[in-house]
Amino acid sequence: MKRLNNLWQPVISFDNLLSAYYQARRGKQHKSAVAEFTLHLESELFTLQQQLTDGSYQPGEYQLFTLYERKPRLIAAAPFRDRVVHHALMNIVEPPIDKQFIYDSYACRRSKGVHKAVARYQNWAKRYHYALKMDIQQYFPSVNLQLLKQKLRHRIKDAQVLNLFDKIIDSSPAITSGTGLPIGNLTSQFLANLYLDDFDHYVKEQLHIKAYLRYVDDFMVLDDDKKRLHQLRQQIQDYLLVHNRLRLHPNKAHIVPTHLGVDVLGYVVYPNKRLLRNDNGHRFIRKLRKLEKNYSTDKTTYADIKPHIMSWIGHAKHANTYGLRRQIFANVVWRKKSTANDEDKRIEGCRC
């Protein structure tokens, strides 16, 4: 495999930094840090370019917060100027390396994603009798940073690009004894895919598994031979431990008959139908009630509410959820307590 070189000048070019700024600010124009950067856009970008050129650039401090969704996750948000650098780096480095990834790796890649992964699994579920579903225990906190840097050096020759990657990796607030990628970074999404790419190729090319897909640290193998899946589970476990210093989650490595329905990335998928996982619907109902309350007391606006709801509807429509959606939205009316004469609002499309 030929290592990539001559990447640095495209990374730090003004046009690329400007494009990275527009990418980083998408959906965040109202944030104060973004507004301040925008106010002095040209000088901010030239300063970044100069710091990257002379090597004085250093990542800033992360803002840490916990996101509660099924289980608590510590999210690390980089300062806006660092996110501009992350986009500039990914614009140049990611496309040629992404071409080396296997087809059936679906997380954080163009023209991939959750719904494509679920559709791929369902097509296989129509052909195979069993599915082996696995995930890695504490994946992001367990990524070995020295090993990650070695994997980068197998793909990239450009010393300045590697130095920038090292600075970003070493600035992670998630590091514990030389391990840990921050959840929330654009670069972390790419590095999480890269870290397991050798494993993907091992599964496809040495174990000769046709029906295999991965989404971050969740992966599925399908086959008609239950005994072979038991053997594969052990081979996969051994490889991950030896070559990636990772462990399978002990309670999440099950072999399930496909006709019974398998939990795949938020859906319960059968060969000929999909259901939304129960906790997803319950979680959305709780969120909907909170949005109703906030709207009625003027804590949020109709314009702020609608994207949240339409996003969930878009996700739910990929399963057999017509009845569920009708039930949830049948009596939802957005009414303000303070203005009894205002017209009630319904969100277009919610009752479809």
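Q: Axes are lines fitted to C-alpha atoms, for helices over the stretch in contact, and angles run from 0 to 180 degrees between N-to-C directions; on that footing, at what angle do helix 8 and helix 10 pack?
A: In this model, which is predicted, helix 8 (residues 145–155) and helix 10 (residues 186–195) pack at an angle of about 85°, and their axes are 10 Å apart.

Q: What makes helix 8 roughly perpendicular to helix 10?
A: Angles of 65 to 115 degrees count as roughly perpendicular, and the angle here is about 85°, so helix 8 is roughly perpendicular to helix 10.

Q: Which residues make the contact, and how do they divide into nonpolar, polar and charged?
A: Helix 8 contributes Leu147, Leu148, Lys151, Leu152 and Arg155, while helix 10 contributes Leu191, Leu194 and Tyr195. These residues of the contact divide into six nonpolar, no polar and two charged.

Q: Why is arginine 155 called buried?
A: Buried means under 20% relative accessible area, and arginine 155, which lies in helix 8, has a relative accessible area of 9%, so it is buried. Leaving aside neighbours within four places in sequence, arginine 155 is in contact with Met1, Arg3, Leu4, Ile97, Gln100, Phe101, Leu194 and Asp197.

Q: What joins the side chains of arginine 155 and glutamine 100?
A: The side chains of arginine 155 and glutamine 100 are joined by a polar contact of 2.8 Å, a value to be set against the cut-off of within 3.5 Å for a pair of N or O atoms.

Q: Why are helix 13 and helix 14 described as roughly antiparallel to each other?
A: Helix 13 (residues 278–296) and helix 14 (residues 302–316) pack at an angle of about 165°, with axes 11 Å apart. Angles over 145 degrees count as roughly antiparallel, and helix 13 and helix 14 are therefore roughly antiparallel to each other. Their crossing is left-handed.

Q: Where do helix 13 and helix 14 meet?
A: On the side of helix 13 the residues are Asn280, Phe284, Lys287, Leu288, Leu291 and Tyr295, which meet Tyr302, Ile305, His308, Ile309, Trp312 and His315 in helix 14. The residues of this contact divide into eight nonpolar, three polar and one charged.

Q: How do you know whether valine 216 is buried or exposed?
A: The cut-off for buried is under 20% relative accessible area, and valine 216 has 16%, so this residue is buried. Valine 216 has a positive phi of about 55° although it is not a glycine, and its place is in the loop between strand 4 (212–215) and strand 5 (218–223).

Notes: Residues are numbered from 1 along each chain as its sequence is written. This is a predicted model: local features need pLDDT of at least 70, side-chain atom pairs count only at pLDDT 80 or more; totals for chains, interfaces and linings use all residues. Side-chain values use heavy atoms; hydrogens and water are left out. Helices (H or I, at least four residues) and strands (E, at least two) are DSSP runs, numbered from the N terminus. Angles under 35 degrees count as roughly parallel, over 145 as roughly antiparallel, 65 to 115 as roughly perpendicular and the rest as oblique. Contact means heavy atoms within 4.5 Å. Ala, Val, Leu, Ile, Met, Phe, Trp, Tyr, Cys and Pro count as nonpolar, Asp, Glu, Lys and Arg as charged, and the others, Gly among them, as polar. Buried means under 20% relative accessible area, exposed over 50%, partly exposed in between (1.4 Å probe, protein chains only). A crossing is left-handed if the near helix is turned anticlockwise from the far one by less than a right angle, and right-handed if clockwise. A polar contact is a pair of N or O atoms within 3.5 Å; within protein, one must be able to donate a hydrogen and the other to accept it, and residues adjacent in sequence count only if both atoms are side-chain atoms.
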